Structure formats: C-alpha cells, structure tokens
Amino acid sequence: SGSFSVGAMPDLGCNQPKGNILFPELVKAAFELERALKPDREPSSTIAINRNAQFRPHTDNGAGAGQSNSLIVGLGNYVGGELVVEGAKKDIRYNAVEFDGWKERHWTMPFQGERYSLVWFTPKGCEGMRGIDMEFGEATTTD
C-alpha cells in the first residue's frame with residue numbers, strides 16, 4: 001500500500017512534487033478525469049493517489065491551513081472499501097463523491113482486492129492553481 005500526491009503542493013511553494021515528473025501522463029489523465037466526473041466543479045490543484053490504503057478516522061490536516069472540498073473516486077477490483085463520512089457510508093467504487101475532508105471526520109471501511117482512490121482538492125495557499133492547466137514532463141538534470 002502507499003500514497004503520494006501530484007499537482008501543486010503548498011509546502012513546495014505550490015510547485016510540482018516529484019510525482020508530476022515521474023508520472024506526467026498519469027497526472028494529466030487524472031486531472032482530465034476530474035473534469036469528466038464533475039465538469040461544473042472548480043478544477044483542483046492537487047490529487048492524492050492511494051493504493052490499497054485503509055485510513056483510520058481522521059480529518060485532513062495537510063499544511064494545517066485548510067483546503068477546498070474533496071472529490072474522491074475508487075478504482076480497481078475490490079469489495080468493501082466504502083468511504084465513511086461522519087458515520088454515513090459512501091460507495092466510491094467508480095462513483096465520485098464530494099465531501100469536506102477538512103471539517104468532516106472520514107475513514108475507509110475494510111476491503112478485499114486491489115483498491116485505488118484518487119482524491120482531488122486544493123490546499124490553502126494553492127487557490128487559483130488549476131492542475132488541468134499545468135504542464136507536466138521531464139525534469140532537466142545535469143550529470
């Protein structure tokens with residue numbers, strides 16, 4: 001299991017994290033998926049990508065400054081794994097759900113199988129940064 005974020009991160013001065021460089025096609029496709037799922041939603045700056053992660057009850061804290069509402073979708077061949085928000089189960093498997101992760105306590109129900117989740121949001125400090133408009137690609141390195 002594991003998690004990483006792509007897009008813009010406030011602790012990097014809203015610059016791009018390493019995942020943008022390593023997986024530019026994935027990042028571009030994930031931001032395009034947000035637009036396809038919720039065309040009327042303000043585009044997010046950041047995506048948390050989770051593989052087989054089962055989160056305990058929490059509220060998001062990130063940089064500690066707040067964030068926009070989150071949009072989450074589950075992908076993969078799994079059973080269970082619902083998102084629970086303030087005690088209400090939400091089936092996210094191939095079903096996008098919006099919630100306020102900063103204020104609403106949420107967690108992952110147990111699951112079996114291969115479960116991925118994508119969580120779109122905009123951290124405080126990255127307002128106006130739209131992941132869909134960012135350029136992703138190879139970093140320039142020197143030998």
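Which strands does helix H2 lie across, and at about what angle does it run to E8? In this predicted model, helix H2, spanning residues 24–37, lies across E1, E2, strand E3 (70–80) and E8, and its direction makes an angle of about 80° with that of E8.

The strands beneath this description belong to an open sheet of five, ordered E1-E2-E8-E3-E6 and paired in antiparallel fashion. Strand E1 (2–7) and strand E6 (97–99) stand at the edges, and because each has a single partner strand, one side of each is left without a neighbour in the sheet. On average, and ignoring direction, neighbouring strands are turned by 20° against each other. Within the sheet, E2 and E8 run antiparallel and are joined by six bridges, and in one of these pairings isoleucine 47 has tryptophan 120 of E8 as its bridge partner.

The nonpolar cores can be set side by side.

| Core | Residues in core | Named members |
|---|---|---|
| Largest nonpolar core | 15 residues | Phe31, Ile47, Leu118 and Trp120, those with the most contacts inside it |
| Another core, apart from the largest | eleven residues | among them Ile72, Leu83, Val97 and Phe121 |

To the largest core, two or more residues are given by each of H2, E2, E3 and E8, and H2 gives the most, with three residues. Phenylalanine 31, one of the residues with the most contacts inside that core, touches Val6, Gly7, Ser44, Ser45, Thr46, Ile47, Trp120, Gly131, Ile132 and Phe136, when residues up to four places away in sequence are not counted. Its contacts thus include Ile47 and Trp120, the residues that are also bridge partners between E2 and E8.

Definitions and conventions
Residues are numbered from 1 along each chain as its sequence is written. This is a predicted model: local features need pLDDT of at least 70, side-chain atom pairs count only at pLDDT 80 or more; totals for chains, interfaces and linings use all residues. Side-chain values use heavy atoms; hydrogens and water are left out. Two strands pair if DSSP finds at least two bridges between them. Helices (H or I, at least four residues) and strands (E, at least two) are DSSP runs, numbered from the N terminus. Axes are lines fitted to C-alpha atoms, for helices over the stretch in contact, and angles run from 0 to 180 degrees between N-to-C directions. Contact means heavy atoms within 4.5 Å. A nonpolar core is a set of buried Ala, Val, Leu, Ile, Met, Phe, Trp, Tyr and Cys residues joined through side-chain atoms within 4.5 Å. Buried means under 20% relative accessible area, exposed over 50%, partly exposed in between (1.4 Å probe, protein chains only).
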